[in-house]
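This report concerns one protein chain and looks at its aromatic rings, its open and closed spaces, and the pairing of some of its strands. Please keep the sequence and the structure in view while reading.

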Amino acid sequence: MSISNFFFGENIPLLQLDKFSQEYTLNVENTFLMGKENPPISLKTSSELFLDQNKESDLIYNRIKLLEITGDTDNHTMKPFLLQSLALADISRNIYIKRNTDGKILSVENKDELWKSWEEWKENKLPSVFPEEKDQIKFVANYEKGLKSFEGELKKNLQYILLLPEVYSLIFPPNEYYSFLSSSLNIRSRLMQGVEYSYQLKLVKLEEENNTLFVEFHSVLNNREELIKSHIKKLYENEKEFSIDQFEFSVKTKYNFEKSTGKIINAELHFTEKMHEHLAYLIDMDLNIKLVEL
């Protein structure tokens, strides 16, 4: 037996990859804390999704289809934004993605279909969502810019990070010497313009029971010191009540997988970006297999 096998095991995958088709319910809540005197602003959405997976040689193909989306907010200022967001979700309801067997996103395979859906939506629905011409021009420019870099933007989207986890290289038997980190991920700051966080997800908990695997990951912020020097430190220089020690960035995910297929049984994601207790942006997601109505 080699030394690496003695310490790290025989590299037996904990998750077997196989084809499956499953409907899910994804609930997302965005919460914005903005000042001690202001109540939290909350925006909730609930989506019905269809996720299909096929494995071909050393590649995984996933199709994600949005079946339905609804939303709610108690904040009157946010209601127009929510209605706009729900309308925009209707533009591209199908995404077809190629990944490697670690789970890393390699490419979006139906870009032509996405452009076609966009052109149809732009022609038929744009004026009803954006009545003002100046708003139409601005939105078209931004959306088409996003489509041109769609793969990069997809990898920064927390919903897709939850739906398409990069965890399939987890091996058996994990022990005190075993460490797992995802590849580098990026996400834009919700609170600081021009700031992008670079992080990885680190395995912090793993449990097995029969055909179920539970795993939990916490983020490791790779560019913390760089951001503190370039942006974050400046925000606290003139603050007497708050200190840089209150800054927090974290992404935490939890999964229950079906070991024989790699299918998600349920999952959670919790995102926190906090400057201090009265200025923070929180995102909470939970993904569950859709209950069949009898």
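## Two aromatic residues and their neighbours

Are W121 and F139 buried or exposed? In this predicted model, W121 is buried, and F139 is buried as well. The ring centres of W121 and F139 lie 5.9 Å apart with the planes at 55 degrees, so this pair counts as tilted. The contact joins distant parts of the chain, since W121 belongs to helix 3 and F139 to helix 5 (residues 133–148), with their positions 18 residues apart in the numbering.

The structure holds 14 aromatic pairs in all. Another of them brings together W118 and W121, whose ring centres are 5.9 Å apart and whose planes meet at 20 degrees, so this pair is stacked; the cut-off that matters here is that planes under 30 degrees apart count as stacked. Both tryptophans are in helix 3 (residues 111–124), where a spacing of three residues corresponds to about one turn of the helix, and W118, like W121, is buried. Ring pairs extend this group into a cluster made up of W118, W121, F130, F139 and Y143.

## Charges over rings

Two arginines are placed over aromatic rings, in separate pairs. R63 lies over the face of Y96, at 4.5 Å from the ring centre, while the charged end of R190 sits over the ring of F271, 5.5 Å from the centre of that ring.

## Pockets

The largest pocket has a volume of about 2000 Å³. It is lined by 49 residues, of which S85, L88, N157, Q159 and R190 are the closest to its centre; R190 is thus also the residue whose charged end sits over F271. Sorted by class, the lining of the largest pocket comprises 28 nonpolar, 15 polar and six charged residues.

The second largest pocket encloses about 320 Å³ of space. Of its 22 lining residues, K155, I161, E166, S183 and L185 are the closest to the centre, and the elements that contribute two or more residues to this lining are helix 6 (150–155), helix 7 (158–163), strand 8 (185–188) and strand 11 (248–258). By class, the lining of the second largest pocket has 11 nonpolar, seven polar and four charged residues.

## A closed cavity

A search of the whole structure finds one cavity of 30 Å³ or more, and the largest cavity has a volume of about 40 Å³. Its lining consists of F20, Y24, L51, Q53, N62, R99, L163, P165, Y168, G262, K263 and I264. Strand 2 (20–34), strand 3 (41–56) and strand 12 (263–276) are the elements that give two or more residues to this lining, which by class has seven nonpolar, three polar and two charged residues.

## Strand pairing around strand 5

Strand 5 (residues 94–100) pairs with strand 4 (residues 59–73) in the antiparallel sense over seven bridges, and within this pairing L59 stands opposite N100 of strand 5. Strand 5 also pairs with strand 6 (residues 105–108), again in the antiparallel sense, over three bridges; here the bridge partner of I97 is V108 in strand 6.

Strand 5 and strand 6 form a hairpin with four residues between the strands, and in this hairpin G103 takes a positive phi near 105 degrees.

Methods:
Residues numbered from 1 in each chain as written. Predicted model: local features only at pLDDT ≥ 70, side-chain atom pairs only at ≥ 80, totals over all residues. Heavy atoms only, no water. Phe/Tyr/Trp six-rings, centres within 6.5 Å; stacked < 30°, edge-to-face > 60°. Buried < 20%, exposed > 50% of the residue type's maximum accessible area, 1.4 Å probe, protein only. Lys NZ or Arg CZ within 6 Å of the ring centre and 35° of its normal. 1 Å grid on protein atoms, 1.4 Å probe; cavity = no way out; pocket = protein on both sides within 12 Å on 5 of 7 lines; lining within 4 Å. Points joined across faces, edges and corners; volume = space filled by probe spheres on them. Nonpolar A, V, L, I, M, F, W, Y, C, P; charged D, E, K, R; others polar. Pairing = 2+ DSSP bridges.
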